[in-house]
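Welcome, and thanks for joining this tour. Please open your viewer, have the selection tool ready, and follow along one stop at a time.

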Amino acid sequence: MMQFFNQAKKHPQRIAVISEGTAYTYSELISQATAVAQFLLQGREDLKSERIAFLAPPSFEYTALLWGIWRAGGIAVPLCEKHPIPSMEYVIDDTQAEILVYAQEFKDKLTPLSHRVKNFFAYEEIPSNPKAFQLEVEKERSALILYTSGTTGNPKGVVTTHKNIEAQITSLTTSWEWSKEDHILNILPMHHVHGIINVLSCALWSGACCEFLSKFDFKKVFDSFNQGAINVFMAVPTIYYKLIAHWNELPHVDKERISKSLTQFRLMVSGSAALPIS
């Protein structure tokens, strides 16, 4: 999606992503996403809506893969690391994905699927030396395929266009008054709209910072809050329940510190369902 890149170019030196304790600027994200795009293209000019399945932890690498797929004209198909192999195989077959990209830590898990695709390679194989290239991807083209839970049958692949995504993002950034000064902690699964669009994409569209916590951990969440930079947080009710339960078990001094940190937040959202008033 070229509009993402155009937005990012407005603030090249601002921090876009914090991942595993390392901060990456928008300029670094654009560069790595371009490297991903060129690697996927393998000399072609356009992926022409080829479906690209990928599995990476919530991270800078995940973000670069997502943007790189879009930059090359492909359709992103994010997989869920918690799903069993048959579920992933179903997604790959259903989308007719021809490429499967994985973070090295998932190689053993995904190797049984290598024969289902034409190209199977690790993110770590991608060279970080991109060359400038131009490809205008029309907004009407498909960008993302996410799967429903499948409660009434097999999961259904929901196709979203670049135009759909831009409409969602601009609606949310306007309603939630996102700005480049915002800093959000992302602890949500990255194969759902909530984590991909509401958190990551809204932040990056706005020039804000998205900090990833690859695995949910009570202490790390509260430690992140206490650092004072985060001012936006979004989660599902289950996570809020767990955080509150953990907070209730802490010593009084720790509770006071966390509560003081939380008064500095601009926005907190309970997504997917509402929290009880209490």
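Is H191 buried or exposed? Select H191 and show the surface around it to make your guess. With a relative accessible area of 13%, H191 falls under the 20% cut-off, so H191 is buried. Before going on, please keep in mind that this is a predicted model.

**Stop 1: around H191**

H191 sits in the loop between β9 and α7 (193-206). Now add P78, L79, C80, H83, L146 and I196 to your selection: H191 touches these residues, leaving out those up to four places away in sequence. Next, show the side chain of H192 as well. The side chains of H191 and H192 make a polar contact at 3.3 Å.

**Stop 2: strand β9**

From the loop, step back to strand β9, residues 183-186. In a regular strand, side chains alternate between the two faces of the sheet. Here, H183 and L185 point one way, while I184 and N186 point the other way. Colour these four residues by burial and you will find that all are buried.

Which strands pair with β9? One is β10, joined to β9 in the parallel sense over four bridges. Click on L185 and look for E211, its bridge partner in β10. Another is β11 (residues 232-235), which runs parallel to β9 and is joined to β9 by two bridges. For this pair, click on I184 and then on V232, its bridge partner in β11.

**Stop 3: the whole sheet**

Zoom out now. The strands belong to an open sheet of six, in the order β2-β1-β10-β9-β11-β12, with mixed pairing. At the edges are β2 (22-25) and β12 (267-270), each of which pairs on one side only. Neighbouring strands are turned against each other by 20 degrees on average, direction ignored.

Select residues 60-71 next to bring up helix α3, which packs on the sheet. Helix α3 touches β1 (15-19), β2 and β10 (209-212), and its direction makes about 130 degrees with that of β1.

**Stop 4: helix α7 and its partner**

Trace the chain from β9 through α7 to β10: together they make a right-handed β-α-β unit. Within helix α7, pick I197. At 1% relative accessibility, I197 is buried. Beyond its neighbours within four places in sequence, I197 is in contact with I165, Q168, I169 and C202.

How do α6 and α7 pack? Select helix α6 (residues 162-175) to see: the angle is about 70 degrees, and the axes are 9 Å apart. Because of that angle, α6 is roughly perpendicular to α7. On the α6 side, I165, E166, Q168, I169, T170, L172 and T173 make the contact; on the α7 side, V193, I197, N198, S201, C202, W205 and S206 do.

For a distance check, draw a line between the C-alpha atoms of I197 and T263. These residues are 66 apart along the chain, and the line spans 26 Å.

**Stop 5: I244**

Finish at I244 in helix α9 (residues 237-248). How much of I244 is accessible? Its relative accessible area is 47%, so I244 counts as partly exposed. Draw a last line from the C-alpha atom of I244 to that of F218, 26 residues away along the chain: the separation is 9.7 Å.

Methods. Residues numbered from 1 in each chain as written. Predicted model: local features only at pLDDT ≥ 70, side-chain atom pairs only at ≥ 80, totals over all residues. Heavy atoms only, no water. Pairing = 2+ DSSP bridges. Axes fitted to C-alpha atoms, helices over the stretch in contact; angles between N-to-C directions. Contact = heavy atoms within 4.5 Å. Buried < 20%, exposed > 50% of the residue type's maximum accessible area, 1.4 Å probe, protein only. Polar contact = N/O pair within 3.5 Å; in protein donor to acceptor, adjacent residues only side chain to side chain. Right-handed = clockwise from strand over helix to strand, strands pointing away. Parallel < 35°, antiparallel > 145°, perpendicular 65-115°, else oblique.
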